[in-house]
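Me: Please give me a close account of the enclosed space in this model. I should like to know what surrounds it and how the neighbouring parts of the structure relate to it.

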Amino acid sequence: MKRKLVISVVLLFTILGVSFSQDSTAYAAKRSSVLYSVIFNNVPDGFNYPLIGIVNNAKGNHRSLQLGVANSTARTFKGLQCAVANSVGEDLYGLQCGLINSIGGKMYGVENGFINSVGDEVLGAQFGVINITNELKGVQDGFINSVKNNAIGSQKGFINSVGETFIGLQNGFINSAQKTIGVQAGFVNATKNLTGVQIGFINCVDTLEEGVAIGFLSFVKHGGFSAFELSANENYLLNLSYKIGTKGFYSFPMLSYNPHSADKFAVGFGFGSNLQVTNRFFINPEVSSLFAVSDNYREISSLNIGVGYSLSNRLDIIAGPSFAWTSKITSTTNQSNQHIIWAYDREFDFVNDFAWGFRCAIRYTL
């Protein structure tokens, strides 16, 4: 009996000794893999203490603070990275602040730097000179903003680009997307499919699904509006214009001629809209400015409110009242224009004078 007891006690202490030896070895191995100094910090997975040094490297996941010149996390990082260069291999939950910020997976938070790059998806905000991501649900604010696939949110910068569908607001000098559902506001706006609004100097749309393009020149291939128009008003007997844009908003250059006027020729530009009332009737308000090609250098600003009737799918006639204000930049003569037509005031003066009259037109839609 005593012999069995002695054997049992010996076995128990042997097992405890082996276990303790293994735990000590694992602990020592784990401790030996930690390099923690003010110059270089290199830590294993789960070592969630602040890393403050010139170079900070986490071999696995890290949840804390990394502050230095270069920060790197091999897998997921949760917290704050602040350095010249920051790198996360998988996902980031928190904030990256540095000159160059790179994330291999998704970002849930904010990147703030000169170059910000996310390999998968941004769910938050990128603030930098160059912002790049595969998918966006949030905000990009920088000089160049680029999304490879889809984006929901806002892009604000000099150049904004989305490879596939964009839903939200693009505000920049150049805005581009494959499909836009929302607003593009900039100097040049381009999209293949538009459901929403474009506001810019030059707008380019392949297919207008629903909405309007508002600009100096709007080129809409499918669903747009383009037409030649020949008209007469109270100042010029012949006016030839080319309307381009959408029915909701279009622009037009114009050439004018009146053989009886002191200023026979004029060139101008204007904007207008077709407001459909029935299938054939529409209201056609337009504003325009004409500049006389002569030594008088006068400008005529007009507001026309026409009523249009569609004779066919391509041919329209328009007529209605016209209101004009004339002003002169420089002067070589003070004579009045006594050869205007269809006007209330036949003595329409060249300088700071108002007249109202009548305008009629025939339009051919291309």
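Reply: In this predicted model, the largest cavity has a volume of about 70 Å³. The count of cavities of 30 Å³ or more comes to one.

Its wall is made up of 13 residues, and those lying nearest the centre of the largest cavity are Met254, Glu286, Ser288, Asn304 and Arg359. Five strands each give two or more residues to this lining: β11, β12 (238-245), β13 (250-257), β16 (281-292) and β17 (298-310). Of the elements, β16 gives the most to the lining of the largest cavity, namely three residues. Sorted by class, the lining of the largest cavity has six polar, four charged and three nonpolar residues.

Two of the residues nearest the cavity centre, Glu286 and Arg359, also appear among the contacts of lysine 243. Lysine 243 belongs to strand β12. With a relative accessible area of 1%, lysine 243 counts as buried, because the cut-off for that term is under 20%. The side chain of lysine 243 makes a polar contact of 2.7 Å with the side chain of glutamate 286. Beyond its neighbours within four places in sequence, lysine 243 is in contact with Phe225, Ser226, Ala227, Glu229, Tyr250, Ser251, Phe252, Glu286, Arg359 and Arg363.

The open space may be set beside the enclosed one. The largest pocket has a volume of about 300 Å³. Its lining comprises 16 residues, with Lys247, Ser310, Ser312, Asn313 and Asp316 lying nearest the centre of the pocket. At least two residues of the pocket lining come from each of β11 (225-232) and β19 (353-365); β11 also gives two or more residues to the lining of the largest cavity. By class, nine residues of the pocket lining are polar, four are charged and three are nonpolar.

The nonpolar cores complete the account. The largest nonpolar core has 13 residues, and Leu92, Ile103, Met107, Ala151 and Val162 are those with the most contacts inside it. Two or more residues of this core come from each of β6 (77-88), β7 (92-103), β8 (107-141) and β10 (151-222). Apart from this core lies another, of eleven residues, among them Phe225, Leu290, Ile300 and Ala324. Phe225, a member of that other core, is one of the residues in contact with lysine 243.

Notes. Residues are numbered from 1 along each chain as its sequence is written. This is a predicted model: local features need pLDDT of at least 70, side-chain atom pairs count only at pLDDT 80 or more; totals for chains, interfaces and linings use all residues. Side-chain values use heavy atoms; hydrogens and water are left out. On a 1 Å grid over the protein atoms alone, a cavity is a set of points where a 1.4 Å probe fits but cannot get out, and a pocket is an open set with protein on both sides within 12 Å along at least five of seven lines; lining residues have an atom within 4 Å of a point. Grid points are joined across faces, edges and corners, and a volume is the space filled by probe spheres set on the points. Helices (H or I, at least four residues) and strands (E, at least two) are DSSP runs, numbered from the N terminus. Ala, Val, Leu, Ile, Met, Phe, Trp, Tyr, Cys and Pro count as nonpolar, Asp, Glu, Lys and Arg as charged, and the others, Gly among them, as polar. Buried means under 20% relative accessible area, exposed over 50%, partly exposed in between (1.4 Å probe, protein chains only). A polar contact is a pair of N or O atoms within 3.5 Å; within protein, one must be able to donate a hydrogen and the other to accept it, and residues adjacent in sequence count only if both atoms are side-chain atoms. Contact means heavy atoms within 4.5 Å. A nonpolar core is a set of buried Ala, Val, Leu, Ile, Met, Phe, Trp, Tyr and Cys residues joined through side-chain atoms within 4.5 Å.
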